[in-house]
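Got a minute to poke at a model together? Take a look at the chain below, then we'll talk it through.

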Amino acid sequence: MGILEFLSCPVPQRLNLLILGGIWLWYGILLLLNSHKIHVSTILQIRLPHDMNPAPTTGHITRNVRGFALKVSRIVIPLHIITLMLFQQYQHDESAKEWGTTIHFILHVFPLLQLVILLAFIIYESVIVKYAVKRLPLIEPQPPQLRNVYILLSDSLTSFTRPLIDFLLFTSLLFSDPHTNIDLFLSSIPSLIRIFQCLREFKLVGHKSLIGNTLKYTCNLPILVCTWYSRVHPELLSSSKFKFIQVTCLFINSTFSYIWDIKMDWTLPKFITLRHGRKKMIFREYFYHIAILTNLVLRFWWLWVVLGNYSKYVFFDGELQYLEIIRRAQWVIFKLESEYVSRPSPKL
């Protein structure tokens, strides 16, 4: 089984693989931050707000995440391989199709079972994630470390919108008619959560930048509306006017989000000179320049597909979803770096 075959997996299974990949990317982020002496506990709430015990070191957190990633991988990867084998046999072996509704049911339920296992492990192993998930729309601006947990969780959730649509659309076939569009409603929830969080924060603290952030997440909603409208009127898929509207919505969303990521989330006001003062940057300057360029490529990958006249992808089916998770991991690195250099100096 080649790497492309492993990654270009059936649509409902892709979400599970992306979550697993996200866990390993978080481990890699912690290794990078630890190597640059960035203490995660000073920018992220590690324990519950009422827990007065000393926060663990970054090294201790990194070891725990590695152990957790290994534990989950030992469960998910074998199940993923079994799922791939079942899908391939069902597609290419005529005798397998004689199983009828039985194998059809298994192919729909197996990815759902794996997702439940993944989410259960994440919530059970991380008390702060469980705490934040329960209160996700009701973001707490203070302390900043807890606010950062909310933002990382909710922003990361928006990166899973596309695989979430695919997963929900496939799985919903077990319970309802495929044309109910319940998947689109559910996939809009990550953006709606961030919009609600920004408006709530604006009401509490009054920072005008939160209005701009609200608009950024609002730009994602017209894209979902276009998807819904194309389902209701499938003949529009061949309409150049409708394609222009779709591309325009995607371009506005990507451009707005890209500029906001660099200037606001990473606090890099200048694309060339970056920040004023070398001591305000943790990494070497070329590291930031590479990140700015790769973020541009990844953010507009969909445009490269359109301009290159590819059908849906350049290398393999679903590549955009993997690239988005990588882009999100990159965003997390520089978001946390920005929070670290911007934190108030400890009082003596």
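Here are a few questions and answers on this predicted model.

Q: How many helices and how many strands does the protein chain have?
A: Let's start with the fold. Helix α3, for one, covers residues 58-92. The tally for the protein chain is 15 helices and 0 strands.

Q: Is histidine 80 buried or exposed?
A: Histidine 80 sits in helix α3. Its relative accessible area is 1%, and the cut-off for buried is under 20%. So histidine 80 counts as buried.

Q: Which side chain does the side chain of histidine 80 join in a polar contact of 3.1 Å?
A: A polar contact needs N or O atoms within 3.5 Å, and the 3.1 Å here fits that. The partner of histidine 80 is glutamine 13.

Q: Why do cysteine 226 and cysteine 249 not form a bond?
A: A disulfide is a covalent bond between the sulfur atoms of two cysteines. To count, the sulfur atoms must be within 2.5 Å. Cysteine 249 holds the closest cysteine sulfur to that of cysteine 226, but it's too far for a bond, because the distance is 4.3 Å.

Q: How many disulfides does a search of the whole structure find?
A: The cysteine 226 and cysteine 249 sulfurs are too far apart for a bond. Both residues are buried, cysteine 226 at 9% relative accessible area and cysteine 249 at 17%. Across the whole structure, the number of disulfides found is 0.

Q: What percentage of the residues of the protein chain count as buried?
A: Zoom out to the whole chain, with its 348 residues. Its accessible surface comes to about 18,800 Å², with 67% belonging to carbon and sulfur atoms. The share of residues that count as buried is 43%.

Technical notes:
Residues are numbered from 1 along each chain as its sequence is written. This is a predicted model: local features need pLDDT of at least 70, side-chain atom pairs count only at pLDDT 80 or more; totals for chains, interfaces and linings use all residues. Side-chain values use heavy atoms; hydrogens and water are left out. Helices (H or I, at least four residues) and strands (E, at least two) are DSSP runs, numbered from the N terminus. Buried means under 20% relative accessible area, exposed over 50%, partly exposed in between (1.4 Å probe, protein chains only). A polar contact is a pair of N or O atoms within 3.5 Å; within protein, one must be able to donate a hydrogen and the other to accept it, and residues adjacent in sequence count only if both atoms are side-chain atoms. Accessible areas come from the Shrake-Rupley method with a 1.4 Å probe; for residues, only the protein chains shown count as cover.
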